[in-house]
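Me: I have a structure to go through with you. Could we start with the strand pairing and work outwards from there?
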Amino acid sequence: TTYGDLKLRSLIATSTITLGNVTVATLPTAASNTHAIVAVTDGNASPTYRGAVTGGGSTKGLVYCDGSSWMWH
């Protein structure tokens, strides 16, 4: 067991996982982040589930990467 694994298990056991906040402009490339989940802080005003993620607003929420794009989740 590694330190990282123990830390993750501890977070899950307490039911709290904190995601780092990023802006849409700083999202990592989709092709190398399949199945990643990130919290964005400057999303478009009216996000829709599985809709395209665009920045420039003040909407905060989770986005998911399917390997080809980031989408609201």
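Reply: Certainly. In this predicted model, β1 and β2 pair in the parallel sense, over 2 bridges.

Me: Which residues are matched between those two strands?
Reply: V22 has V40 of β2 as its bridge partner, and N21 stands opposite A39 in β2.

Me: How do β2 and β3 run, and how many bridges join them?
Reply: They run antiparallel and are joined by 5 bridges. V40 stands opposite G61 in β3, and V38 stands opposite V63 in β3. V40 is thus named in two pairings, one with V22 and one with G61.

Me: And β3 with β4?
Reply: Those strands also run antiparallel, with 3 bridges between them. Within that pairing, C65 stands opposite W70 in β4.

Me: What is the strand order in the sheet, and is the sheet open or closed?
Reply: The 4 strands form an open sheet in the order β1-β2-β3-β4, and the pairing is mixed. β1 and β4 (70-72) are the edge strands, each pairing on one side only.

Me: Where does the helix come in the sequence?
Reply: The protein has 1 helix and 4 strands, and the pattern along the sequence is α-β-β-β-β. The helix therefore precedes the strands in that pattern.

Me: Back to β2. Is it enclosed or open to the outside?
Reply: β2 is largely enclosed by the rest of the structure, because 5 of its 7 residues are buried. For the protein as a whole, 26% of the 73 residues count as buried.

Me: I see an aspartate in there. What does D42 do for a charge partner?
Reply: D42 lies in strand β2 and is buried, yet it has no salt bridge. The nearest side chain of opposite charge is that of K60, 9.2 Å away. The cut-off for a salt bridge is 4 Å.

Me: Which backbone atom does the D42 side chain reach, then?
Reply: The side chain of D42 reaches the backbone nitrogen of V24, at 2.9 Å.

Me: What else surrounds D42, leaving aside its sequence neighbours?
Reply: Setting aside residues within four places in sequence, D42 is in contact with T23, V24, T54, G55, G56, G57 and T59. V24 thus appears both in this set of contacts and as the residue whose backbone nitrogen is reached by the D42 side chain.

Me: Changing topic: which residues other than glycine have a positive phi?
Reply: Two examples are H35, with phi near 70 degrees, and R50, with phi near 65 degrees. H35 lies in the loop between β1 and β2, while R50 lies in the loop between β2 and β3 (59-65).

Me: Are those two buried or exposed?
Reply: H35 is exposed, with a relative accessible area of 58%. R50 is partly exposed, at 49%.

Me: What about phi at G67, in the hairpin of β3 and β4?
Reply: G67 takes a positive phi near 100 degrees there. That hairpin has 4 residues between the strands.

Me: Where is N33 found, and what does it touch?
Reply: N33 is found in the loop between β1 (21-22) and β2 (37-43). Not counting residues up to four places away in sequence, N33 touches P28, C65 and W70. C65 and W70 are the residues that stand opposite each other in β3 and β4.

Me: How far is N33 from G67?
Reply: Their C-alpha atoms are separated by 6.2 Å, although the two residues are 34 apart along the chain.

Me: What share of the contacts comes from residues far apart in sequence?
Reply: Among contacts with a separation of 6 or more, 35% are between residues 24 or more positions apart.

Me: Last one: what is the accessible surface, and how much of it belongs to carbon and sulfur atoms?
Reply: The accessible surface of the protein comes to about 4900 Å², and 58% of that belongs to carbon and sulfur atoms.

Note on methods: Residues are numbered from 1 along each chain as its sequence is written. This is a predicted model: local features need pLDDT of at least 70, side-chain atom pairs count only at pLDDT 80 or more; totals for chains, interfaces and linings use all residues. Side-chain values use heavy atoms; hydrogens and water are left out. Buried means under 20% relative accessible area, exposed over 50%, partly exposed in between (1.4 Å probe, protein chains only). Contact means heavy atoms within 4.5 Å. Accessible areas come from the Shrake-Rupley method with a 1.4 Å probe; for residues, only the protein chains shown count as cover. Lys and Arg count as positive and Asp and Glu as negative; His and the chain ends are not counted. A polar contact is a pair of N or O atoms within 3.5 Å; within protein, one must be able to donate a hydrogen and the other to accept it, and residues adjacent in sequence count only if both atoms are side-chain atoms. Two strands pair if DSSP finds at least two bridges between them.
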